[in-house]
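Opened the notebook to go through one structure today. I wanted to look up cysteines, aromatic rings and empty space, in that order.

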Amino acid sequence: MGGAVSAGEDNDELIDNLKEAHYIRSDLVERAFRAIDRADYYLEEYRDNAYKDLAWRHGNIHLSAPCIYSEVMEALDLQPGLSFLNLGSGTGYLSTMVGLILGPFGVNHGVELHADVIEYAYQKLDLFIKTSDSFDKFEFCDPVFVAGNCLEIPPDSRQYDRVYCGAGVQREHENYMRNLLKVGGILVLPLEEKLTKITRTGQNSWEAKKIIAVSFAPLVQPRQDTNGKARNVPLPMFEVRSLQDLARLAIRHTLRASTGAPEGRSKSRVSFPGARAMHRYGPRFKRRRLHRRRVETFILRDSAIPSLTELRVHGPPRESEDGGEEEGEEEEEEEGRGRAGAGAGGRSGGGGGGGGVRGSSRRAKGARGGEEEQEEEEDHGARDEEEEDEEEKGKGEPQNEPPVNILRERILGLPLPEPLKMYLLYYREK
């Protein structure tokens, strides 16, 4: 079963394809899928097939198609603190994703028929906890698995908020599955070749909704023991966390929340005091402010640049230590002397011509100087724009630097003994 979406080059591309095909529709489910690489649950020699929308089986190990898991996760409507039972838990891939949503105060149980598959699931769970950075981005509900046939659960066993069955169920076992639900709970199962969502609306009332057509291997029928009695599969106990474990959870939660990226929220949201201001004065806002400041500088300089008409009449302004008013007075005096010299030259017919030539040469030099200043300003503005474009391109290019695990760095920076730091890190490798 599967093949509904295109294969991806990696886990993120597979999730993108599932989103585009509307199999993944909620942010909560998307974050859980992105946090766990599907290929980690494949045997090494089969990893190349991990990002295809196809089911995979090797011996007793089995994974459903990604599109099926997407529909299951969406239909379960998971929330933190709920109890979840996975019938036919297999590799633990689905149970681990569910644990990212349930959080530390949820319940995450699984029943698997084959003991070797449970051993495989615990190996993958240990690998995820010890090596994946996603473990530090969420508050996790560890799955607990038991071996046995899910049809041999005693009828007086505890009930759950959410139940999923990963094998085909016939009508004769439908009521058995329904009774595993609390009132208000949701059961998702392949019922007669249809993935079906059943909601328990009351003590004796249910609502059923068909989701998609599927093809699952049927449930294995229970076997009787030598005495002719059916076997019972005890479900895992509801364990209460120790005070030491609760303290670790509280410390990690506090450190994680203070980084501004708490679990279960998107990166764009602001969730701690001062974060909005930090976002406002981040790199993008700084670039905008810098751009506006440059524009204002050009406006001020433009107002200080004389026009060509002024340059032809008055010549370029000269600097003075005493200020602009003195410069203006000196220019007026020079103009008066020039006009007087020109008049005298006209009357005498000789020397005034030389004064007129010197005045025109000064005006020509002034005009050239003003044009050069304008060209310099334009060149400066063009260089600023080019630098800004290069900066934008540089920021758009992907960087090869490895991501920093902020929670890990903060724990390692605490003034605590090394054994306590390792306990807070769940003895995780870097």
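My entries follow, one topic at a time.

**Ground rules.** I am working from a predicted model here, not an experimental one.

**Cysteines.** How many disulfides does a search of the whole structure find? I got zero. I then checked Cys-165, where the closest cysteine sulfur belongs to Cys-150. The two sulfurs are 4.9 Å apart, and a disulfide needs them within 2.5 Å, so this is too far for a bond. Is Cys-165 buried or exposed? I have Cys-165 down as buried, at 0% relative accessibility. I looked up Cys-141 as well, and that residue is buried at 2%.

**Leu-100.** I found this residue in helix H4, which covers residues 93-102. Leu-100 has 6% relative accessibility, and because anything under 20% counts as buried, I logged it that way. What does Leu-100 touch once its neighbours within four places in sequence are left aside? I listed Ala-32, Ala-35, Ile-36, Phe-128, Phe-138, Glu-139 and Phe-140. I also took the C-alpha separation from Leu-100 to Lys-137: 9.2 Å, for residues 37 apart along the chain.

**Aromatic pairs.** My count came to 11 aromatic pairs. I picked out Phe-135 with Tyr-426, whose ring centres are 5.1 Å apart. Their planes stand at 85 degrees, so I call the pair edge-to-face. Where do the two partners lie? Phe-135 is in the loop between helix H5 (115-131) and strand S5 (144-147), and Tyr-426 is in the segment after helix H14 (418-424), so the pair ties together parts 291 residues apart in sequence. I found Phe-135 buried at 4% relative accessible area, and Tyr-426 buried at 17%.

I noted another edge-to-face pair, Tyr-423 with Tyr-427, at 6.5 Å centre to centre and 75 degrees between the planes. Tyr-423 is buried at 14%, whereas Tyr-427 is partly exposed at 48%.

Which residues share a cluster with Phe-135 and Tyr-426? Phe-128 and Phe-140 join them in one aromatic cluster. I had already met Phe-128 and Phe-140 among the contacts of Leu-100.

**Arg-248.** I checked for charges over these rings and came to Arg-248. Its charged end sits over the ring of Tyr-426, 3.6 Å from the centre. Arg-248 also lies over the face of Tyr-423, at 4.0 Å from that ring centre.

**Cavity.** I counted one cavity of 30 Å³ or more. The largest cavity has a volume of about 100 Å³. What lines it? I went down the list and found Phe-135, Phe-140 and Tyr-426 among the lining residues, which also include Phe-138, Glu-139 and Asp-142. Arg-241, Leu-249, Arg-252, His-253 and Arg-256 are on that list too.

**Second largest pocket.** I put its space at about 640 Å³. Which of its 35 lining residues are closest to the centre? I wrote down Arg-57, His-62, Gly-88, Gly-166 and Ala-167. I then looked at which elements supply at least two lining residues each: strand S2 (61-63), helix H3 (66-76), strand S3 (83-87), H4 and strand S4 (107-112) are on my list. H4 is the helix in which I found Leu-100.

Key. Residues numbered from 1 in each chain as written. Predicted model: local features only at pLDDT ≥ 70, side-chain atom pairs only at ≥ 80, totals over all residues. Heavy atoms only, no water. Buried < 20%, exposed > 50% of the residue type's maximum accessible area, 1.4 Å probe, protein only. Helix = DSSP H or I, 4+ residues; strand = E, 2+ residues; numbered from the N terminus. Contact = heavy atoms within 4.5 Å. Phe/Tyr/Trp six-rings, centres within 6.5 Å; stacked < 30°, edge-to-face > 60°. Lys NZ or Arg CZ within 6 Å of the ring centre and 35° of its normal. 1 Å grid on protein atoms, 1.4 Å probe; cavity = no way out; pocket = protein on both sides within 12 Å on 5 of 7 lines; lining within 4 Å. Points joined across faces, edges and corners; volume = space filled by probe spheres on them.
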